[in-house]
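I sat down with this one today and kept notes as I went. Here is what I looked up, entry by entry.

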Amino acid sequence: MSNRLQGKVAVVTGGTSGIGLATAKRFAAEGAWVFITGRRQAELDAAVKEIGANATGVQGDVSNLADIDRLYEAVRQKQDRIDILFANAGGGEFSPLGAITEEHFDKTFTINVKGTLFTVQKALPLLRDGASVILTGSTAATKASSAFSVYGATKAAIRSFARNWMLELKDRRIRVNTLSPGPIKTPGLHGLGKTEEEARQILDFLARSVPMNRLGDPDEVARAAVFLAADDSSFVNGIELFVDGGMVQI
Ligand code: NAD
């Protein structure tokens, strides 16, 4: 490690598993103080232990605005600023058009669209001038795939958020970029199947749709997040960075 984030304060929502946990570990290893969120206290405690001494866990759901307020109150009390905000928490339901329910629609939009919007909006008073905001998109916003239409629509909204907020925040030199993973081996991806066998088939199919013929590792996304967070990307603004083994190019 080269201490690229030495002395910075980072917030990672959904930091207890998958991409969020891998990124929180990288941020901490690069010298940042990291606040992570997660919905379940036990998982949060385990993740904080794994990240190390310079991590704080704040239990909460990004769908709930009071929980987001509590997160930033904790940041205010401990560090009083944010240099890096990684709005990573996300997920949802996956069904083909005929099977989409109102509940499925509401849940997916609430976590990904409402959650991201208020995670960033409520951070504004704490975000330092020159901060880096990283939103989480997905190749699903760009590529057609059965059962992903609602999820893909939420991730398309994220791209729009990033472009608009980049402009709105330019006077504070806050950069806003979207990090869009392809299929990455995380508990979230594994949960796509209703059975072990179905999950295996989905993972095989996804791996074959990547030109590199494999799934990505959470740490491969984390390393790209470090780039967007650090001064290495000081003139990179409003982009969508795909970490997908070339998937969106075909
Ligand atoms: P994961 O399920 O392994 O981890 C998700 C994390 O988000 C967990 O810490 C979970 O507690 C948290 N979370 C979920 N809903 C939340 C909520 N409402 N409030 C607070 N925290 C919540 O998932 P992952 O695969 O690491 O996904 C992380 C992000 O990357 C998501 O935004 C997902 O849409 C996106 N993404 C993942 C993939 C992939 O293949 N894994 C691909 C593209 C995009």
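**Overall fold.** I began with burial: of the 250 residues of the protein chain, 44% count as buried. I kept in mind that this is a predicted model. Next I counted elements and found eight helices and seven strands in the protein chain. I then asked how the radius of gyration sits with a compact globule. For 250 residues the rule gives a value near 18 Å, and the protein chain has 17 Å, which agrees. Along the principal axes, the C-alpha trace spans about 45 × 35 × 35 Å. I also checked contacts with a separation of 6 or more, and 70% of them join residues 24 or more positions apart.

**Ligand shell.** Which residues are closest to the ligand? I found 29 residues around the ligand, with Gly14, Gly18, Gly90, Thr186 and Gly188 as the closest. Helix 1 (18-29), strand 2 (33-38), helix 4 (102-121) and helix 6 (187-190) each give two or more residues to this shell. Sorted by class, the shell has 18 polar, nine nonpolar and two charged residues.

**Val12.** I moved on to strand 1, where Val12 has its place. Is Val12 buried or exposed? I counted 35 other C-beta atoms within 10 Å, and 20 or more make a residue buried, so Val12 is buried. Leaving aside neighbours within four places in sequence, I listed the contacts of Val12 as Gly20, Thr23, Ala24, Phe27, Val34, Ile36, Phe86 and Asn88. I also took one distance here: the C-alpha atoms of Val12 and Arg26 are separated by 11 Å, and the two residues are 14 apart along the chain.

**Helix 3.** I wanted to know how the length of helix 3 (residues 65-78) compares with the expected span. At 1.5 Å a residue, its 14 residues should span 20 Å, and the end C-alpha atoms are indeed 20 Å apart. Which residues of this helix are buried? They are Ile68, Leu71 and Val75. Looking down the axis of helix 3, I saw that its buried residues fall within an arc of 55 degrees, so they line one face of the helix. Ala66, Glu73 and Gln77, on the other side of helix 3, are exposed. For the cover over the buried residues, I noted that it includes strand 1 (9-12), strand 2, strand 3 (55-59), strand 4 (82-87) and helix 4. After helix 3 comes Asp80, with a positive phi near 65 degrees.

**Positive phi elsewhere.** Asp80 made me look at other phi values, since most residues other than glycine have a negative phi. Where is Asn3 placed? I found Asn3 in the segment before strand 1, and its phi is positive, near 55 degrees. With 11 other C-beta atoms within 10 Å, where 12 or fewer make a residue exposed, Asn3 is exposed.

Ala147 went into the notebook too, as it is not a glycine and yet has a positive phi of about 80 degrees. This residue sits in the loop between strand 5 (127-136) and helix 5 (149-168). I counted 17 other C-beta atoms within 10 Å of Ala147, which is partly exposed.

Methods: Residues numbered from 1 in each chain as written. Predicted model: local features only at pLDDT ≥ 70, side-chain atom pairs only at ≥ 80, totals over all residues. Near = placed C-beta within 6 Å. Helix = DSSP H or I, 4+ residues; strand = E, 2+ residues; numbered from the N terminus. Nonpolar A, V, L, I, M, F, W, Y, C, P; charged D, E, K, R; others polar. Expected span 1.5 Å × (residues − 1). Arc of directions from axis to C-beta. Contact = placed C-beta atoms within 7 Å. Rg over C-alpha atoms; globule rule 2.2 N^0.38 Å.
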